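Biologist: I'd love a close look at one part of this model, the kind of place where side chains and empty space can be followed together. Please take it slowly, as I'm new to this.

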Amino acid sequence: MDWMKEFHGPNAGYILELYERFLKDPGSVDPSARAFFESWRPDSAETAVATMPSAAAVDKIVATVVLATAIREHGHLAAKLDPLGRERPGDPALELSTYELTENDLLQLPANLIRGPLSQNCANAREAIEALRRVYSSTTGYDYDHVHSPEERDWLRQAAESGRFRSNNPAEAKELLELLTKVEVFERFLHRIFPGKTRFSLEGLDMMVPILDEVLGASAEFGMTHILIGMAHRGRLNVLAHVLNKPYVQLLAEFKDPVRKTIFEDDLGWMGDVKYHAGARRSLREGATANLIVSMAPNPSHLEAVNPVVEGMARAAGTHVDHRGAPKFNHGVTLPILIHGDAAFPGQGIVAETLNLSRIPGYRTGGTIHIIANNQLGFTTLPEAGRSTLYASDMAKGFEVPVVHVNADDPEACMEAARLAFAYRSKYQKDFLIDLIGYRRYGHNEGDEPAFTQPLMYQLIEKHPGVREIWAKKLAERKIYDVAAAEDLVRKGMDELQQTLEALKAEEALVEPLPSPPPPGAAKRVKTAVPLERLRKLHESLLELPEGLHLHRKIERAMQRKRKTLDDPDESSIDWAAAEDLAFASILEEAIAIRLTGQDAERGTFSQRHATFHDVENGSIFTPLQALPQAKAAFEIRNSPLSEAAAVGFEYGYNVQEPGRLVLWEAQYGDFINSAQVIIDEFVVSARSKWGLTPSLVLLLPHGYEGQGPDHSTGRLERFLEVAADTNIRVANCTTAAQYFHLLRRQALLLKTDPLPLVVMTPKSLLRHPMTVSSARDLAKGSWLPVIDDAQAREQADSMKRILLCSGKMYVDLMTSDLRKENLPIAIIRLEQLYPFPKEQLEQVLEAYMQIEEVVWIQEEPENMGAWMFLRPLLQDLLRGRCALGYIGRNRKASPAEGSAARHTLRQKQLIEKAFQIESRVAVKV
């Protein structure tokens, strides 16, 4: 026999051995051998010898199987993804010649070599390969070989090859044309009526709106309650109009841009934002009940900064907290959708930070649908100058996110991608990405001339028909929709917008989301004290540990000491962590849920918190605040990933979605907040002024100059004070555990009446300093004090010559100095709240010191940092020339602190000495 020449001795034996293994377990042989044996069915070993194909035939079989695998994995490289028709890279692995195959070879081979649903209706391997190319190298590019789960890969391939998400329904085709007509007409009308006005047109990516509409419909059928959308400005107005149903009259009024004085402009600092940054909210109803709420978060031109915000909103919307213990999250009721720019997705680091949150406990939202609005251009920068990857979406592969690249000029392929994305997300609760590849009909904005920098691209675009026209022609060819009727849709749409414009009364139609002003004096009236007996019961509950819990010996000793904390209500025994614990417990008792996250928040950077105990023998964990019997709401504490921008953005989003919960984020060190500066500036401190939102996020930033160098000394207090205006934020640098207790409780109790973000410069070494501890009576009888007088100096107020104003650690350094014991005519007054500036309270304190000759602000930070530059004009206005105003502190510096502990100690010593040199009458810098 001929096969004996090719397969003899051990070779033939090896083939037969493989075949026997295949019969016992098909999965025990590699895919190419498995495919070969599936098409080769001898009845016995003897028949096998008689029917064994030649080596050349085996090569053809194996080559065909490898080709099919290559098409499945790399077919997207040859797919027709660019509506402008530019050449694709391709890959030799997709070519017959690479394998020395011919069309005739494929005709001789069975279709079942290819496997999968496509081969079932094919007569031979050639037909099956052609069917594979139609799926994987057409106007859709399936890109998910990086997904590690075999189950998920198989599901995705079955979905693609079965075509189960592709619709042939004529009614749906008509609805799609009608929606595309609305999308195009809206853009064309605005372009004609408001030439040159910036709108960031969607034209070239029109299919984004039908994709979103499809996902909304699927979500409603699935039973979801919240869809949260985040997107940059490209196409935003069209999405607002046709997905969020924002009325045309409001959008046109915003284009008219009438000047109108708002009723609360002076006291709330309302400034508003440009129309393509605005958010919206829509309810999909059946009967009288809203079954699905669709929200678009407002966001700035920092393109991807909204990503973690939307994820936080989704997490909050799906989290139930009306019970004690840990919160409960239901991934089936919320869906975040993020629309990215093709240049911004690989270019902005916050994208990777947000993707990293997707499977982390406490942050996962059950999967996000990502859409890259890919106009193949970043302002004026081409992809090869803007990224180091082939696709804009490639970074998502590192997070095992399946990707579908789809030509934005093929509506059927786009809708199929939308259905596939939703189905995958629903089944696996993981992210999915649609790379919607189109173009940008005009410049980055409508006043821009794109042909300056991309003349060849815009020659193609100028001649290229819109997707509505392309789809209308296809429907006409299929006898589904008449061409004349399609054009009539355009005319009717234009007429509707024209009539709306002519009837428009812009000032009346303009809607500005002004927040309601808080009740006058709400922050001053809130009662934060907790009766002593209630504190003791909470304290006892927090000390109750489950039987058999094995604590670390150091924590066990600390717990023994803690048991005596409230024995004597007048003894100063409550440190910072104990005060926080009691504050949280009392807040939970009042049915206010708490979420605290941060870098090492569970233990605390300085081992001060230990909110979660870890059993040293079996690793189990126990969180006392989740076991608190008095709690009427959930408590959540999480170590956040080592991220600032995404982590803070997430907590901001969680906070604005559920403002009735106390949400806190703690930095490992205060200066880490530098990395979240965009989130602070664009969301936390300006959301009220721009968008009418009322965030109340708490930031805990360890702050204090203790010789640790420039990077772990400062919480960048000056940056928060720089943006403090229009009562947009609260900033505190408190000095005692009781003050921290009352500050936290005040924040929680004001969530509904006077919500504001709160920034706390928290201590480091002072966490356990004896001067910061408080008594139980301070918690039971006291309240938040924005200004604290010097009790010792007050008894001799008439003899005081100098007042030292300070905050935070500076106060402790002054009070523990030996110079303080010399009974100098110096009063040390603490400014615990820096903003809103407590002018009235400080004025009342200063009135007692009638003989003072100077007020001196002393700080540990350099002159251009800390609070001095903010406070100076306020103090000058307060004193009104009554006495001199001075400054003691470090000189202006580029770096916040010395790199040497020895130099730091020397500088701090000099500051303290100057502070107590009463003969000095000038500002001193060291």
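**Rings and a pocket**

Modeller: Let's start with two rings in this predicted model: Tyr 652 and Phe 683 are both buried. The model has 19 aromatic pairs in total, and these two make one of them, with 5.3 Å from centre to centre and 55° between the planes. That pair is called tilted because its angle falls between the 30 and 60 degree cut-offs. Tyr 652 belongs to helix H27 and Phe 683 to helix H28 (residues 677–684), so their contact ties together parts that lie 31 residues apart in sequence.

Now stay with Phe 683, as it has another partner. Phe 683 and Trp 691 form a tilted pair too, with centres 5.7 Å apart and planes at 55°. Trp 691 is buried, and so is Phe 683.

Trp 691 is our way into the empty space. The largest pocket holds about 1,300 Å³. It's lined by 44 residues, and those closest to its centre are Trp 270, Ala 278, Pro 513, Lys 690 and Trp 691. So which elements give two or more residues to that lining? They are helices H12 (248–256), H14 (306–317), H27 (645–657) and H29 (687–691), along with strands E3 (280–286) and E4 (289–296). You've met H27 already: it's the helix that carries Tyr 652. As for chemistry, the lining of the largest pocket splits into 24 nonpolar, 12 charged and eight polar residues.

For a bit of context, have a look at the second largest pocket, with about 750 Å³ of space. Its lining has 33 residues, and the ones closest to the centre are Gly 521, Ala 523, Lys 524, Arg 746 and Asp 754. Here the elements giving two or more residues are helices H13 (265–268), H23 (522–525) and H35 (839–846). H23 gives the largest share, four residues. Sorted by class, the lining of this second pocket has 15 nonpolar, 11 charged and seven polar residues.

Back to the rings before we stop. Trp 155, Phe 165, Tyr 424, Tyr 428 and Phe 432 make up one aromatic cluster. One of its members also has a charge over its face: Lys 427 sits over Tyr 428, 5.6 Å from the ring centre. You can find a similar arrangement where Arg 315 lies over the face of Phe 329, at 4.4 Å from the ring centre.

Key: Residues are numbered from 1 along each chain as its sequence is written. This is a predicted model: local features need pLDDT of at least 70, side-chain atom pairs count only at pLDDT 80 or more; totals for chains, interfaces and linings use all residues. Side-chain values use heavy atoms; hydrogens and water are left out. On a 1 Å grid over the protein atoms alone, a cavity is a set of points where a 1.4 Å probe fits but cannot get out, and a pocket is an open set with protein on both sides within 12 Å along at least five of seven lines; lining residues have an atom within 4 Å of a point. Grid points are joined across faces, edges and corners, and a volume is the space filled by probe spheres set on the points. Ala, Val, Leu, Ile, Met, Phe, Trp, Tyr, Cys and Pro count as nonpolar, Asp, Glu, Lys and Arg as charged, and the others, Gly among them, as polar. Rings of Phe, Tyr and Trp (its six-membered ring) pair if their centres lie within 6.5 Å; planes under 30 degrees apart count as stacked, over 60 as edge-to-face and the rest as tilted. Buried means under 20% relative accessible area, exposed over 50%, partly exposed in between (1.4 Å probe, protein chains only). A charge sits over a ring if NZ of Lys or CZ of Arg is within 6 Å of the ring centre and within 35 degrees of the ring normal.
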